[in-house]
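Work through the following exercises with the coordinates open beside you. Each task is followed by a solution that proceeds step by step.

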Amino acid sequence: MSDVDTRLKPKAKTKTERPPLYKLILLNDDYTPRDFVVTVLKSIFRMSEGEAMGVMLTAHQQGACVVAVFTKEVAEAKAQQATDAGQSQGYPLAFTTEKEG
Ligand code: TYC
C-alpha cells in the first residue's frame, strides 16, 4: 500500500487581476451650448447640477476634464453614447477615453 504524502505543499495563490481602468474625458469645443453639456453630463453620467456644471466649466477653461473612470468597455460605450447625444443635435461635443496610469 502506498503511503500518503503528508509533506507541506506551497499553496497555489489565486491572483485576482484588476481590469485596467480608462478615463472618460470631456473635450471643449467652441460651439456646443454650455447648458447642453450640463444636460448630457446629468443624464448620461448621473451627475448633479453642481457636479455637471463644475466638469463643464473645467473643460471650457482647461480644454478637457476627466468625467469618470471605468473599465475599457464601459468607458468606450459611454463616450460613444455621450458623443452621439451631441451629434443628434448637430453639436461637435466630443468625449474620449484614455488608459489610466
Ligand atoms: N465652450 C463652449 C461654449 O463656450 C461650452 C462647452 C464647455 C463645450 C465644455 C464643450 O466640453 C465642453 N459654448
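**Exercise 1.** Locate T32 in this predicted model, decide whether T32 is buried or exposed, and list what T32 touches beyond its sequence neighbours.

*Solution.* Step one is the placement: T32 belongs to the loop that connects β1 with α1. Step two is the classification, for which the cut-off is under 20% relative accessible area; since the relative accessibility of T32 is 11%, this residue counts as buried. Step three is the list of contacts, which, once neighbours within four places in sequence are set aside, consists of V37, Y91, P92 and L93. With L93 there is also a polar contact, in which the side chain of T32 comes to 3.4 Å from the backbone nitrogen of L93.

**Exercise 2.** Determine which residues surround the ligand, and find the polar distances from ligand nitrogen to D29, to T32 and to H60.

*Solution.* Begin with the surroundings, which are made up of L26, L27, N28, D29, T32, R34, V37, M56, A59 and H60. Next take the backbone partners: a ligand nitrogen lies 2.7 Å from a backbone N or O atom of D29, and a polar backbone atom of T32 is 2.9 Å from a nitrogen of the ligand. Finally, H60 takes part through its side chain, an N or O atom of which is 2.8 Å from a ligand nitrogen.

**Exercise 3.** Work out the strand order of the open sheet, and explain why one side of β2 and of β3 has no neighbour there.

*Solution.* The three strands are arranged as β2-β1-β3, with antiparallel pairing. Because β2 (64–71) and β3 (94–99) are at the edges and have a single partner strand each, one side of each remains without a neighbour in the sheet. On average, and with direction ignored, neighbouring strands are turned by 30 degrees against each other. Between β1 (residues 21–27) and β2 the antiparallel pairing runs over seven bridges, and K23 is found opposite V69 of β2. To complete the picture, add the helices: α2 (residues 49–62) packs on the sheet through β1 and β2, its direction making about 125 degrees with that of β2, while α3 (residues 72–87) lies across β1, β2 and β3 at about 135 degrees to β2.

**Exercise 4.** Identify the residues with the most contacts inside the largest nonpolar core, and state which element gives the largest share of this core.

*Solution.* The core in question has 20 residues, and those with the most contacts inside it are L26, L41, F45, V67 and F95. Two or more residues are given by each of β1, α1 (34–45), α2, β2 and α3, with the largest share, seven residues, coming from α1. For F45, the contacts beyond four places in sequence are L24, V40, V67, F70, K78, A82 and F95.

Terms used. Residues are numbered from 1 along each chain as its sequence is written. This is a predicted model: local features need pLDDT of at least 70, side-chain atom pairs count only at pLDDT 80 or more; totals for chains, interfaces and linings use all residues. Side-chain values use heavy atoms; hydrogens and water are left out. Two strands pair if DSSP finds at least two bridges between them. Helices (H or I, at least four residues) and strands (E, at least two) are DSSP runs, numbered from the N terminus. Axes are lines fitted to C-alpha atoms, for helices over the stretch in contact, and angles run from 0 to 180 degrees between N-to-C directions. Contact means heavy atoms within 4.5 Å. A nonpolar core is a set of buried Ala, Val, Leu, Ile, Met, Phe, Trp, Tyr and Cys residues joined through side-chain atoms within 4.5 Å. Buried means under 20% relative accessible area, exposed over 50%, partly exposed in between (1.4 Å probe, protein chains only). A polar contact is a pair of N or O atoms within 3.5 Å; within protein, one must be able to donate a hydrogen and the other to accept it, and residues adjacent in sequence count only if both atoms are side-chain atoms. A residue is near a molecule or strand if one of its heavy atoms lies within 4 Å of it.
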